[in-house]
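Reader: I'd like a close look at one part of this protein: the strand pairing around a single strand, bridge by bridge. Start wherever you like, then work outward from there and tell me how far I can trust what I see.

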Amino acid sequence: MPFDSRIVPGNAPAFPRRCPSATLPSLGAVSVEALPLSRSGPVQCWSAVALLAMVLSGLIVTVAAGQGFGPVTESRQGLWFGGGLGQGHADLSCGICGGDQATGGISGNLRIGGTLSPRLLLGGELTGWQQGGEIHQTVLAGTLAGTWYPVEEHGWLLKLGLGLSRYRATEESEAVNAWLPTLQFGGGYEMRVSPSISIAPFVGIMASAQGAMNHEVTSNGSFRAERVADDVRLLVLSLGVGITRH
């Protein structure tokens, strides 16, 4: 079920607010303005995610406390790397979208960088989000981010980054995509499970500046793209658990 090749403002692809397991309708020639875009789906999904994150955080804290491990600030030096996995919630808005388009999915990140001081790390981060179905939606962002520990002896951390993100939704041979300048903000708590390994529950936010969306079509070996919106904004919220090697 392909996109409508005659996409014009007011007749844009439909990205409905559904939980990840829901069946998505065809992008077809349906105008999103005609869809009943209820927010009850994402709220239910997010409640389950929040509960899962709380349970995981509690288990990790209990295990770490039982092992007697704690923050080891002396090991915050040199090269560090890590990654994380969790649940993400993406919200796309634009003038032809008929309102914010919100869906839940899987999110993850990979990080690497250097230590400026025991309280400040700087590095590059690659963050991804995806939601499957008839319409496959993805967000991929690359940012330069700094991580700050307000209290050197503890694991509380704040993160701020700046970079570029790409939103893309595909169905068969057609797609829409947008490249957007992005600000990243997050926080978490590192719990040492060894002198050099930390496990950290985290929450993250990625918010984009306004950008353009293009409609792409591949047919019989040919490719064409048409700009369909100039006011696209993207917001991605994520909850998960990460691991870092200092």
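Author: Let's start with one pair: Gly188 stands opposite Phe202 in S8. Keep in mind that this is a predicted model. That pair sits in the pairing of strand S6, residues 174-189, with strand S8, residues 197-208, and these two run antiparallel over 7 bridges.

S8 has other partners too. Strand S7 is just residues 191-192, and 2 bridges join S7 to S8, again in the antiparallel sense. Within that pairing, Met191 faces Ile199 in S8. To get from S7 to S8 the chain makes a hairpin, with 4 residues doing the joining. Then there's strand S10, covering residues 222-245, which runs antiparallel to S8 and shares 11 bridges with it. If you want a spot to click on there, Ala207 stands opposite Leu235 in S10.

Now step back along the chain from S6. S5 and S6 are antiparallel partners joined by 16 bridges, and Arg168 has Asn177 in S6 as its bridge partner. The hairpin of S5 and S6 has 2 residues between the strands, and Glu172 in this hairpin takes a positive phi near 55°. On from there, S5 pairs with S4 as well, antiparallel over 13 bridges, with Gly142 bridged to Leu164 in S5. So you can walk from S4 to S5, from S5 to S6, from S6 to S8 and from S8 to S10, one antiparallel pairing at a time.

What do the side chains do along the way? As a rule of thumb, side chains in a regular strand alternate between the two faces of the sheet. Three residues make handy places to look.

Take Trp179 in S6. Buried or exposed? Trp179 counts as exposed because its relative accessibility is 51%, just past the 50% cut-off. Beyond its near neighbours in sequence, Trp179 touches Leu164, Ser165, Arg166 and Ala212. Leu164 is the residue that pairs with Gly142, by the way. Trp179 and Val232 are 53 residues apart along the chain, with 9.4 Å between their C-alpha atoms.

Lys159, over in S5, goes the other way. With a relative accessible area of 17%, Lys159 counts as buried, because the cut-off for that is 20%. Its side chain makes a polar contact of 3.0 Å with the side chain of Glu125. Glu125 also turns up among the contacts of Lys159 from further off in sequence, along with Arg111, Ala145, Gly146, Thr147, Gln184, Phe185 and Gly186.

The third is Ser107, in strand S2, residues 101-117. Ser107 is buried too, because its relative accessibility is 6%. Its contacts outside the local stretch are Gly84, Leu85, Gly86, Gln87, Gly88, Gly128, Trp129 and Ser238. Of these, Gly128 is 21 residues away in sequence, and the C-alpha atoms of the pair are 5.5 Å apart.

For the nonpolar side of things, look at the largest core, which holds 21 residues; Leu92, Val139, Tyr167, Met213, Val232, Leu234 and Val236 touch the most other members. S1 (79-93), S4 (136-148), S5 (156-171), S6 and S10 each give two or more residues to it. S10 puts in the largest share, at 5 residues.

Zooming out, the protein has 1 helix and 10 strands, and the helix comes ahead of the strands along the chain. Of the 246 residues, 47% are buried. Among contacts with a separation of 6 or more, 63% link residues 24 or more positions apart. The accessible surface comes to about 11,700 Å², and carbon and sulfur atoms account for 65% of that.

Finally, the trust issue. The pLDDT averages 76, and 67% of the residues score at least 70. Residues 1-47 fall below 50, though the model gives this stretch 121 contacts beyond near neighbours in sequence. Residues 66-71 are also below 50, with 8 such contacts. Where pLDDT is low, the predicted coordinates shouldn't be read in detail.

Technical notes: Residues are numbered from 1 along each chain as its sequence is written. This is a predicted model: local features need pLDDT of at least 70, side-chain atom pairs count only at pLDDT 80 or more; totals for chains, interfaces and linings use all residues. Side-chain values use heavy atoms; hydrogens and water are left out. Two strands pair if DSSP finds at least two bridges between them. A nonpolar core is a set of buried Ala, Val, Leu, Ile, Met, Phe, Trp, Tyr and Cys residues joined through side-chain atoms within 4.5 Å. Buried means under 20% relative accessible area, exposed over 50%, partly exposed in between (1.4 Å probe, protein chains only). Contact means heavy atoms within 4.5 Å. A polar contact is a pair of N or O atoms within 3.5 Å; within protein, one must be able to donate a hydrogen and the other to accept it, and residues adjacent in sequence count only if both atoms are side-chain atoms. pLDDT is the predictor's confidence in each residue, from 0 to 100. Accessible areas come from the Shrake-Rupley method with a 1.4 Å probe; for residues, only the protein chains shown count as cover. Lists of a residue's contacts leave out its neighbours within four places in sequence.
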